[in-house]
Amino acid sequence: MIIAVAQMGPVARSETRSSVVERLRAMMATAHGRGAELVVFPELALTTFFPRWLIEDRDELLSYYERNMPNNDVQPLFDDARRLGVAFSIGYAELVACDGQEVLYNTYITVDRRGIIVGKYRKIHVPGHSEFEFEREFQHLEKRYFAVGDLGFPVFELHGIRTGMLICNDRRWPEAWRSLGVQNANLVCVGYNTTMHNPEIAQHDHLVPFHHLLSMQAGAYQNGVWAAAAGKAGIEEGAKLLNLSCIVAPTGEVVAVTSTFGDEVITADCDMARCAEIRGNIFDFAKHRRPEKYGLITQS
């Protein structure tokens, strides 16, 4: 499968959904022109990264969430997928009505080339904090605005390829990758919005690009999967976001990476048979895993 990763430049707080979708459609058209059969878009692709603010007006906050998918704003992207025969993965804030309550999730979906949603994941490793912190220039209120995902780590068929999804902080957790690997995933799609500055450990700011690629390469190699990660990059509402959207082979090699901080499409021809090079040797789970010895991981 030829896979495309569509990195986004900044999305302004005032930018409309329809404007964002037009940017996504343009990148899908570029990817299609290069023969791509799948386009991976970022986490929270339809809006600015709103958890950087304390938003006390409930109506304003909920304006960042999608109650239905697709909806009128996003339907053109689904139509393009069907017209062009290109699948895509995309992240957004989701509002779910459940027993009279509104539950909020950070969600990622995969849509096949028929324009049908075939996979959904809700972020499990939700980072940040839930209360306003005065010492921060920008907040990281994901714990305030998103519940922990309730769908586990699903693996699904995308045009014959076993596929899973992760969102941003999930990519740093080996348990998330392994949950997909033991289900025989061959491809993991990742969306992220990663700031270049963390006031709690500012001494690590220079390591943000390194830790991002380290997590992607280790996750791909240790589970024998292709990994495609799309970020939102550049200076968004004063906050600098990491670029380095990438495609990583099952060997852990980076085969494509972005070089700008704007809207940019990268592609790679990904041979899924290469997953067997890893999972048939060093990481042959059936032969070499020892789950009976790993109790400490799940019991602690």
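The following questions and answers concern a predicted model.

User: On which side or sides of helix H3 do its buried residues lie?
Analyst: In helix H3, which spans residues 75–84, the buried residues are Leu77, Phe78, Asp80, Ala81 and Leu84. An α-helix has 3.6 residues a turn, so residues three or four places apart point the same way. The buried residues cover an arc of only 155 degrees around the axis, which puts them on the same side of H3.

User: Which elements are included in what covers the buried residues of H3?
Analyst: The residues to be covered are Leu77, Phe78, Asp80, Ala81 and Leu84. Their cover includes helix H1 (17–33), together with strand E3 (87–98), strand E4 (101–111) and strand E5 (117–122).

User: Which residue follows H3, with a positive phi?
Analyst: Helix H3 covers residues 75–84. The residue that follows has a phi near 75 degrees, and it is Gly85.

User: Is Ala202 buried, partly exposed or exposed?
Analyst: Ala202 is placed in the loop between strand E8 (187–192) and helix H6 (208–223). A residue is buried under 20% relative accessible area and exposed over 50%. Because its relative accessibility is 36%, Ala202 counts as partly exposed.

User: How many disulfides does a search of the whole structure find?
Analyst: A disulfide requires two cysteine sulfur atoms within 2.5 Å. For Cys168, the closest cysteine sulfur is in Cys246 at 13 Å, so the distance is too far for a bond. Cys189 is in no disulfide either, since the nearest cysteine sulfur, in Cys270, is 9.9 Å away. Over the whole structure, the number of disulfides found is zero.

User: What is the relative accessible area of Cys189?
Analyst: Residues under 20% relative accessible area are buried. Cys168 is buried, at 7%. Cys189 is buried as well, with a value of 0%.

User: Which class, nonpolar, polar or charged, has 13 residues in the lining of the largest pocket?
Analyst: The largest pocket holds about 910 Å³ of space. Of its 31 lining residues, the closest to the centre are His140, Thr194, Thr195, His197 and Asn198. The lining has nine nonpolar and nine charged residues, and the class with 13 is polar.

User: Which element gives the most residues to the lining of the second largest pocket?
Analyst: The second largest pocket contains about 340 Å³ of space. Among its 14 lining residues, Glu175, Arg178, Arg289, Tyr294 and Ile297 are the closest to the centre. Helix H5 (174–181), helix H8 (285–288) and helix H9 (295–299) each give two or more residues. With four residues, the element that gives the most is H5.

Technical notes: Residues numbered from 1 in each chain as written. Predicted model: local features only at pLDDT ≥ 70, side-chain atom pairs only at ≥ 80, totals over all residues. Heavy atoms only, no water. Buried < 20%, exposed > 50% of the residue type's maximum accessible area, 1.4 Å probe, protein only. Arc of directions from axis to C-beta. Contact = heavy atoms within 4.5 Å. 1 Å grid on protein atoms, 1.4 Å probe; cavity = no way out; pocket = protein on both sides within 12 Å on 5 of 7 lines; lining within 4 Å. Points joined across faces, edges and corners; volume = space filled by probe spheres on them. Nonpolar A, V, L, I, M, F, W, Y, C, P; charged D, E, K, R; others polar.
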